[in-house]
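Visitor: I have a structure here and would like to know how its descriptions are earned. Could you take me through the reasoning behind them?
Guide: With pleasure; let us look at it together.

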Amino acid sequence: MTAIKIIQGDITKASVDAIVNAANSRMLGGGGVDGAIHSAAGPKLLEACKKVKPENGIRCPTGEARITEAGNLKAKYVIHTVGPRYNIDKDPENLLSSAYKNSFDLALSHGCESIAFPAISCGVFGYPPQEAAQISLSICKRPEYEALIKYFYLFRDDMVNIWENALESL
Ligand code: AR6
């Protein structure tokens, strides 16, 4: 059985090997969970992000992921991924799936045993949370990711309910 834990709370407090950041493609910080992760991790995280080579200012295209050290966080790594902007990017479902898959693949290739996700794209990027929950959880249940313990850190009660209901109905 795949271990999936749904937690209400701040992802910066997660005791896991890798924390996933819902970043933007420049990877230099931002608002929402990105801002919270950078302020908890301190300036070392921004320095690590700057070392990721940009192409035309883009360090991480939408749907891809990049891994850095985690500064002052308890986690070993931050995995920065960029989810789709729901009403702007084409094929948001495929891009959101890729964001999760690429995050998992980086975690596994770096020897992680546990990973914590926020609700990627469900804030300013406007992804409907019910749909995002189903996509994220169906990827979590793939056999290739079975070895990882997966946490979702969700800020609000209603988001926790949405993820719990989606998990039951899968
Ligand atoms: N812990 C867990 N979840 C959180 C936290 C936290 N500390 N803070 C916010 N959330 P968003 P996006 C929730 O907007 O939609 C940034 O500016 C929040 O309530 O952070 O992928 C980036 O730089 C919501 O449910 O990410 C990008 O430009 C979820 O995290 C852009 O926002 C995601 O909301 C990315 O937008």
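**How the labels are earned**

Guide: In this predicted model, helix 4 and helix 5 cross in a right-handed sense.

Visitor: What makes the crossing of helix 4 and helix 5 right-handed?
Guide: A crossing gets that name if the near helix is turned clockwise from the far one by less than a right angle. The crossing of helix 4 and helix 5 is assigned to that class.

Visitor: Why are helix 4 and helix 5 called oblique to each other?
Guide: Their axes cross at roughly 50 degrees and come within 9 Å. Angles under 35 degrees would count as roughly parallel, and 65 to 115 as roughly perpendicular. The angle of roughly 50 degrees falls in neither range, so the pair, residues 129-140 and 157-169, is oblique.

Visitor: Which residues make the contact between helix 4 and helix 5?
Guide: Helix 4 brings Pro129, Gln130, Ala132, Ala133, Gln134, Ser136 and Leu137, while helix 5 brings Met159, Ile162, Trp163, Ala166 and Leu167. Sorted by class, nine of these are nonpolar, three are polar and none is charged.

Visitor: Why is Ser121 counted as buried?
Guide: Buried means under 20% relative accessible area. Ser121 has 5%, so it counts as buried. Ser121 sits in the loop between strand 5 (114-117) and helix 4, and its phi is positive, about 75 degrees, although Ser121 is not a glycine.

Visitor: And Asp91, why is that residue called partly exposed?
Guide: The partly exposed class lies between the 20% and 50% cut-offs. With a relative accessible area of 48%, Asp91 therefore belongs there. Asp91 also has a positive phi, near 55 degrees, without being a glycine. Its place is the loop that links strand 4 (77-81) to helix 3 (92-109).

Visitor: How do you know that the radius of gyration of the chain agrees with a compact globule?
Guide: For 170 residues, a compact globule would have a radius of gyration near 15 Å; the chain has 14 Å, so the two agree. The C-alpha trace spans about 40 × 35 × 30 Å along its principal axes, and 47% of the residues are buried.

Visitor: What is the order of the elements along the chain?
Guide: The chain holds five helices and six strands, which run β-β-α-α-β-β-α-β-α-β-α from the N terminus on. Of the contacts between residues at least 6 apart in sequence, 71% join residues at least 24 apart.

Definitions and conventions
Residues are numbered from 1 along each chain as its sequence is written. This is a predicted model: local features need pLDDT of at least 70, side-chain atom pairs count only at pLDDT 80 or more; totals for chains, interfaces and linings use all residues. Side-chain values use heavy atoms; hydrogens and water are left out. Axes are lines fitted to C-alpha atoms, for helices over the stretch in contact, and angles run from 0 to 180 degrees between N-to-C directions. Helices (H or I, at least four residues) and strands (E, at least two) are DSSP runs, numbered from the N terminus. Angles under 35 degrees count as roughly parallel, over 145 as roughly antiparallel, 65 to 115 as roughly perpendicular and the rest as oblique. Contact means heavy atoms within 4.5 Å. Ala, Val, Leu, Ile, Met, Phe, Trp, Tyr, Cys and Pro count as nonpolar, Asp, Glu, Lys and Arg as charged, and the others, Gly among them, as polar. The radius of gyration is taken over C-alpha atoms; the globule rule is 2.2 Å times the number of residues to the power 0.38. Buried means under 20% relative accessible area, exposed over 50%, partly exposed in between (1.4 Å probe, protein chains only).
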